[in-house]
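Reader: I would like a close look at one part of this protein. Please take one helix pair and then place it among its surroundings.
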Amino acid sequence: MLHGLWSPGSGLVLWHDPAGGDVEADALPDPLGKILRSAKFRHRAQVLVAGAYGPEKTQVRAHALAPEAAAEVLLQNLPTGLVAADLRYLGHVARGIDRWVRAGRITPEVRRDDGEWWVRWRLVGGQRQRAWLAELAVAMPAALQVPGRPAEILDNLTAELTDPVTRRRLMPTLPNRTGAAGAPARRSDSSSSGGWDPADVEVESAAPQEHPLLTALLDAVPLESGSHRVAAVLEDWRTSLTAGEPELVLRLLEPEAEDAAEAGALWRLEVCLREEGEAPQPVLLPGDPQLVRLAGEKLAAAKQAYPRLRDLPGDGRSMDLFLPTEVVLDLVAHGANVLQAEGIRLLLPRAWRVAAPTLKLRVQSPAATESAVGLNGLVSFRWELALGDTTLSPAEMARLVQSKSDLVQLRGEWVQADRRMLVAAADYVTGRTDATETTAGALFAELAASPAIGVPIETVSATGWAAQLFDAEHSDEPVPDPIGLKAQLRPYQQRGLAWLATMSRLGCGAILADDMGLGKTVQVLALLLHERETAAATVTSPGAGVAEVPADAPPRGLGGVGPTLLVCPMSVVGNWQREAERFAPDLRVLVHHGPGRRSGAELDAAVADSDLVVTTYALLARDVEELKRQPWQRTVLDEAQHIKNAGTRQARAARLIPARHRLALTGTPVENRLEELRSIMDFANPKLLGKPAEFHSRFAVPIEREHDENAVTRLRALTSPFVLRRVKTDPAVISDLPDKIEITMRANLTVEQAALYQAVLDDMSAKLKAAKGMERKGAVLAALTRLKQVCNHPAHYLRDGSAVLRRGHHRSGKLALVEDILESVIADGEKALLFTQFAEYGDLVGPYLSERFGAEVPFLHGGVSKQRRDDMVTRFQEDPDGPPIMLLSLKAGGTGLNLTAANHVVHLDRWWNPAVENQATDRAFRIGQRKDVQVRKLVCVDTIEERVDDMLRGKAQLADLTIGAGEKWITELGDDELRALFALGAEAVGE
């Protein structure tokens, strides 16, 4: 006897009864007989057979058929004597599907399989088809009910067979099919078995191109334009075809008021039917037989989709169910989504909400003098626990803790919340509800050291002077534009000036983390002018004369304010000089730089006679003893990411300089790790975030590895008072900045590049076999660098001084692409910035581009002197006849410069750190830019460059911090993962 079963994923599985022997294939009609004659029965299937004590499981040899072949077999007449009931049952289902097809109750659907979108036929669904499936489920032989879920087997069977059954029935009726090439097609006489094969066509003549969806459906080829949106449109259309019948609505009703507080209270789940545009109507018993049957079918489907609705007590007068609280919680948390996927809506009581517990910190400060505010000022604070928008009283907290359920009644509403989080938060808040007096600094220390309890801090609010520090919503008192400022501040810059003035007055260090190009420089210059003018007005107020100054008082700048020390990279020293001359010409600026720089008493006198002293990070570390002797009013670190590693000489030197106020400027407070933020904050406000080891365990690990929302909110509460962050893409910040268009452009390798690439891979593989630990990491990073060089140009990797071109042809696909880009840029009369992380590649490319376009191509890198840098920037930025192209090394030219004359940015090679690349791009995309900025990032096809670029573009940002990717993570991959990432793909080499 020949048996059959349906196996999701395998299709129709044929097997012989071990007790009855094999069926002779010649005794069966074709196509089943033909299939059995060639079948090897190599498949293994677990089936139910008759045993001495009833059905028992056994493993048999079997033969599996894909849905297309299965449909051909099941639609034929199967002889009763040779074919078992289970296989005949499957044939009955297939013929039922065929009847639905002939009735036109099918629609196309788009679904994704094997990485591509396919168009397939499926049943429309609806009341009649559900009734048919319900009858089939009851009649299903026990042998097919493996593992005992008939509805699931039937759903998969009908889903897989509908498409091949439809094709057998529909395709022979389409003699004028249009082939994939757009020509009419007719079935060939060689077509066998009555089916339709897209290969069995003969092209006759040209015809108009048909719609891609129809081509994919009828020719069984992938849909190139497939997407989730297309799939959703077709699904909505299918649903609309059954919209005429009432839909099932389950309405949850809360317990009676007197029973609500009881632990065993039952919730009524009311079973309703809703006509389109009407209110849901409960299904009563007895009632309209047709509606009762329909509701029963739909409720059975709901129970099948969400099994926790089974075996619940019911109501004899209706189809309603009674649910204990634990089932209600699971229904709302999980069941609702499952039911919605089945087209069944769940309605909750109006007085119901899902809420998460949060902490609120209330800070109060007494009236105080200027000297008693800031981190040393006295404040009182208390903690509050909230559930959603409701702040809980101590009595409510106690009642919720005593509750045994995640569902509680609070102020007349049912609230669903995580009880474990509630208990933890209530335990923390209890004992902290009374006001506690301490200093602001001690309060921040408690925030940093607070144990992680899984409950985020929602708000920190404050009154009095503390509102200027703690309350993020507090609006600082506006500060008028200084009289000496030769610029009109934008509204967000005025807000920045007011914030900086407040932080300076409170004596709190600050981090101005505005996006690159938003004018951090002019805001700092405005602050210096504001303080000088304010001090001058105080000292020489009308009618007061000039205040006496003690003879032993330390030197002061103009207006009685001490000098400011500004530390910046060498590349932007000239920029600060020019900006100060332009916007604040009354400020006395001293540049402490060069071999002839002042020292000793001469430096002391020069500093005393200056308002702003500009130096570099390198000289800060070298001259720290000279600089820390001066009476600084303020220390400002520009591009403060230069001290992101707290252990470096320049970071230690920055922390040694005494100043009343400290200010860090950076567009990227975090590039790779949160430790970088701690290092910068430790300069601005020492010890605020604790020691490195404490910060690592309290914040870095929970946030970076575990994505702990509680740790994120605590860190935000700690840092937000001292960090002002605005981004240029926010229209509320700046509305007249043009668009930034980012494009990833792909170049093929040349044959020479491909050979070198493979040689580097082979060398790396050989070294990895014996390398371990740091030696292995070094081998991977070295190979990574060499592969980047190969992708740039063979001469860059070989370093043999060979020519850029060979016999007039490009040796690098990437450089050929760059040439095409620049040709278009120059033809349009525009300018471009080219960034590379390799100085030697700039030395190679610069002369070639200069000769190719007949124009000077300056190259700004770390070895260029300050004077030459300034000249390069001035000529490129201001000279109409200046160079149209500028090459920059990513490190030396990626920060601080204003190069808005260019509106094209090309990243020749990738640093693979979005924060660093964005800094470089922002040389052109900043205030003053009037054209849309086009940013092109070049990668080579089917190489590690393209694969890492794909990964970076899908990388999520962490807690609104710019966490870059860097490259070190690659060294942690296994050997097989490395080979897959580094491998040279088949599409890498161009023709």
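At what angle do helix α27 and helix α28 pack, and how far apart are their axes?

Author: This is a predicted model. Start with the pair itself. Helix α27 covers residues 813-827, and helix α28 covers residues 839-853. They pack at an angle of about 45 degrees. Their axes lie 12 Å apart. That angle makes α27 oblique to α28. The crossing of the two helices is right-handed.

Now the side of each helix that takes part. From α27, the contact uses L815, E819, L822, E823 and I826. From α28, it uses Y841, V845, Y848, L849, R852 and F853. Sort these contact residues by character: eight are nonpolar, three are charged and none is polar.

Next, the sheets elsewhere in the chain. One is an open sheet of seven strands with parallel pairing. Its order is β24-β25-β23-β26-β27-β22-β28. The edges are β24 (589-591) and β28 (723-724). Each has a single partner strand, so one side of each is left without a neighbour in the sheet. Inside that order, look at β26 (residues 632-637) and β27 (residues 659-665). Five bridges join this parallel pair. L637 stands opposite A664 of β27. A helix also packs on this sheet: α14, residues 491-506. Helix α14 touches β22 (510-512), β26, β27 and β28. The direction of α14 makes about 145 degrees with that of β27.

Another open sheet has three strands, in the order β14-β19-β18. Its pairing is mixed. The edge strands are β14 (352-354) and β18 (407-410), and each pairs on one side only. From one strand to the next, the twist averages 30 degrees. Strand β19 (residues 413-416) runs antiparallel to β18, with four bridges between them. Across that pair, V408 faces V415 of β19.

Last, the confidence. The protein averages a pLDDT of 80, and 84% of the residues score at least 70. Two stretches deserve separate mention. Over residues 540-559, pLDDT stays under 50. For that stretch, the model has 22 contacts beyond four places in sequence. Over residues 954-966, the pLDDT is below 50 as well. There the model shows 32 contacts beyond near neighbours in sequence.

Back to your pair, then: α27 and α28 pack at about 45 degrees, with a right-handed crossing.

Key. Residues are numbered from 1 along each chain as its sequence is written. This is a predicted model: local features need pLDDT of at least 70, side-chain atom pairs count only at pLDDT 80 or more; totals for chains, interfaces and linings use all residues. Side-chain values use heavy atoms; hydrogens and water are left out. Axes are lines fitted to C-alpha atoms, for helices over the stretch in contact, and angles run from 0 to 180 degrees between N-to-C directions. Angles under 35 degrees count as roughly parallel, over 145 as roughly antiparallel, 65 to 115 as roughly perpendicular and the rest as oblique. A crossing is left-handed if the near helix is turned anticlockwise from the far one by less than a right angle, and right-handed if clockwise. Contact means heavy atoms within 4.5 Å. Ala, Val, Leu, Ile, Met, Phe, Trp, Tyr, Cys and Pro count as nonpolar, Asp, Glu, Lys and Arg as charged, and the others, Gly among them, as polar. Two strands pair if DSSP finds at least two bridges between them. pLDDT is the predictor's confidence in each residue, from 0 to 100.
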